[in-house]
Amino acid sequence: MEKTILQHEISKLRSRQAQWEPFAWYKEMRENSPVYYDTEQGVWNVFLYEHAKRVLFDHQLFSNKKERSLIPVPRNDNRSNVNSSDPPEHRKRRALLAKAFTPRNLKEWEPRIQAIVDELLTDMEGRETVDIVKELAIPLPVTVIAELLGVPSKDRSQIKFWSDILFLPYAKDAYHDIAERKAQTMEDFCEYLYPIVQEKRKHPADDILSDLIQAELEGERLNDKEVVLNGIGLLGAGNETTTMLLSNMFYSMLVDQPGVYRELRADMSLVPQLTEEVLRYRFPAAIDRKVAQDTDIFGHTMKKGQMVVAWIGAANRDESQFHDAEEFDIHRPGNHKHLAFGAGPHFCLGAPLARKEANIALTTFVKRFADIGLVEGFEVTEHLVDSAVGQSLKSFPVRVERA
Ligand code: HEM
C-alpha cells in the first residue's frame, strides 16, 4: 500500500457524483490552497496551471523515477520502460516507441481507423437508442490499438477486460485483493502476448510489435519480455484514456452545451475544436513526480524524495490561462494549451492518435445522425464506473435521429 498514492483519499470526494464532477473542489483548491501538503498520503499537491506545467517540464527538480505512484498499473521496471525514467535515459527509451507514432504512420493508419468507425456506426443504424460507451467509446480504441500492435482484434474483449483490471483504482479497504487481481492479470496478459511476440520475431509483419522486436536500445535488441511489457503498456495507455475522451465528448455535447451538435452538423470543421475543449474541460486527471532535491518553490520548502501531484484537471480550468474557464466553449481561443496529454519530456506519445480517433469518430457520426438527445430519465450516477484517470462512464444510452 505504501507504494500507491490514493487519489480519492486526497480529494476526500466520496460520492460518485462528486468524483464525476470534482470541479468545485478544484476551484476551491486553486483559490484557497493552490500548493497543499496532504499529510495522510504524504504528498504535495499543485492545482495552478503554471505550477503543474513546471512540475511536468522541470525533470531535474521533479523526477519520474519514483517508488510511489498514482498509476494503479503494477510496476514494470525494465530498462526499456518509458514511463519511470528521466532524460537523458528517457530519450532513448522514448525513441523506441516514437518511431511507431510518426505523422507518416498516422496518415497510413487513417483508413484503418475510418473502417473500424464505419463498421461500429453501421451496427447502430435503424435504432432509436444507442449506447455510446459500449458501442463506440470502448470498442474503437481497443480495436485500433490491437490492430496497430499486430494483436488479433478478435481478442479485443479479453484485452479490454485485462486493461480494465490493470487500471482499476486501489481502494484503501480492498487494497490486497485488488493488488492480487492485478498481479494475476499481468501474468495472464504476458502469457497471452509471449507467443505472439515469439511468432513475430520469426516472421516480422508491418506492426508496432514487430518494430519493437527490431528496435535497438544502446546497441542491443529488446528481449521478449521487454517487448511484451511495452506491448501491454501501449495496449493499456491507448485504451482507457481514449474511451474516456470519446464518452465525455458525447456527454459534453448533451449536458455541458446542448445544441452544439447542430452547430457541428452545420460546420464539421469545428469537430477538432470540440475534441480539444472536452480534453480541457472534462478530463479530471492527475500526474505524479518525485522531488529530486531539496528546494524552495511555489512558496514552500519541498524535500528530496517527497512526492508531488499535479492536478491537471484543475490546471485546465485556471482563469489565468483560460478566460471564463468554467464555461464549455468550443470557440475558445487557445483551448489546445490544456495539459490533458501532459507536457514536457513525457508528453503523451499517443496524443495524435487519440485526436485522430476522436475526430474521425465524431465527424463520421455527425454525418450519419441528424441529432442526438438524452434518453428520458437519464441519471449519470447510474452509469459511472471507477477508473484510474477519474470517474468515467461505463454506459451512456443516447437517442439518435437518422440523417
Ligand atoms: C485521450 C487519450 C489520452 C490521454 C488523455 C493521454 C494522457 C497521457 C498523459 C497525461 C501522459 C503523460 C504522463 C506523465 O507525464 O507521466 C501520457 C503519456 C503517454 N501516453 Fe498517453 N494519453 C492518451 C492516449 C494515448 C494513446 C492512444 C497512446 C498510444 C497508443 C498513448 C501512449 C502514451 C505513452 C507511450 C506515454 C508515455 C510517454 C513518455 O513517458 O515519454 N496515450 N498520456
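The following exercises, each with a worked solution, concern a predicted model.

**Exercise 1. The five-stranded sheet**

Determine the strand order of the open sheet of 5 strands, and explain why one side of β1 and of β3 is left without a neighbour.

Solution. The order is β1-β2-β10-β7-β3, and the pairing is mixed. Strands β1 (35–38) and β3 (62–63) stand at the edges of this sheet; each has a single partner strand, so one side of each lacks a neighbour in the sheet. The next step is to examine the pairing of β1 with β2. Strand β2 comprises residues 43–46, and β1 pairs with β2 in the antiparallel sense over 4 bridges. Within this pair, D38 is placed opposite V43 of β2.

**Exercise 2. The iron site**

Identify the only protein donor of the iron atom of the ligand, and locate that residue relative to the helices.

Solution. A donor must be an N, O or S atom within 2.8 Å of the metal. The SG atom of C348, at 2.3 Å, is the only protein donor of the iron atom of the ligand. As for its location, C348 belongs to the loop between α16 (312–315) and α17 (351–368).

**Exercise 3. The pair α8 and α12**

Describe how helix α8 and helix α12 pack, giving the angle, the distance between axes, the handedness and the composition of the contact.

Solution. Helix α8 covers residues 139–149 and helix α12 covers residues 224–237; they pack at an angle of about 155°, with axes 9 Å apart. Angles over 145 degrees count as roughly antiparallel, which means that α8 is roughly antiparallel to α12. The crossing of the two helices is right-handed. On the side of α8 the contact is made by I145, A146 and L149, and on the side of α12 by G231, L234 and L235. These contact residues divide into 5 nonpolar, 1 polar and no charged.

**Exercise 4. The three-stranded sheet and its helices**

Establish the order of the open sheet of 3 strands, and state which strands α13 and α17 meet.

Solution. The strands are ordered β4-β14-β11, with antiparallel pairing. The edge strands, β4 (129–131) and β11 (369–374), each pair on one side only. On average, neighbouring strands are turned by 40° against each other, direction ignored. Strand β14 (residues 397–402) pairs with β4 in the antiparallel sense over 3 bridges, and V398 in β14 is the bridge partner of V130. Helix α13 (residues 240–256) packs on this sheet and touches β11 and β14, its direction making about 75° with that of β11. Helix α17 likewise lies across β11 and β14, running at about 100° to β11.

Key:
Residues numbered from 1 in each chain as written. Predicted model: local features only at pLDDT ≥ 70, side-chain atom pairs only at ≥ 80, totals over all residues. Heavy atoms only, no water. Pairing = 2+ DSSP bridges. Donors = N, O, S within 2.8 Å, 3.2 Å for Na, K, Ca; no water. Axes fitted to C-alpha atoms, helices over the stretch in contact; angles between N-to-C directions. Parallel < 35°, antiparallel > 145°, perpendicular 65-115°, else oblique. Left-handed = near helix turned anticlockwise from the far one by under 90°. Contact = heavy atoms within 4.5 Å. Nonpolar A, V, L, I, M, F, W, Y, C, P; charged D, E, K, R; others polar.
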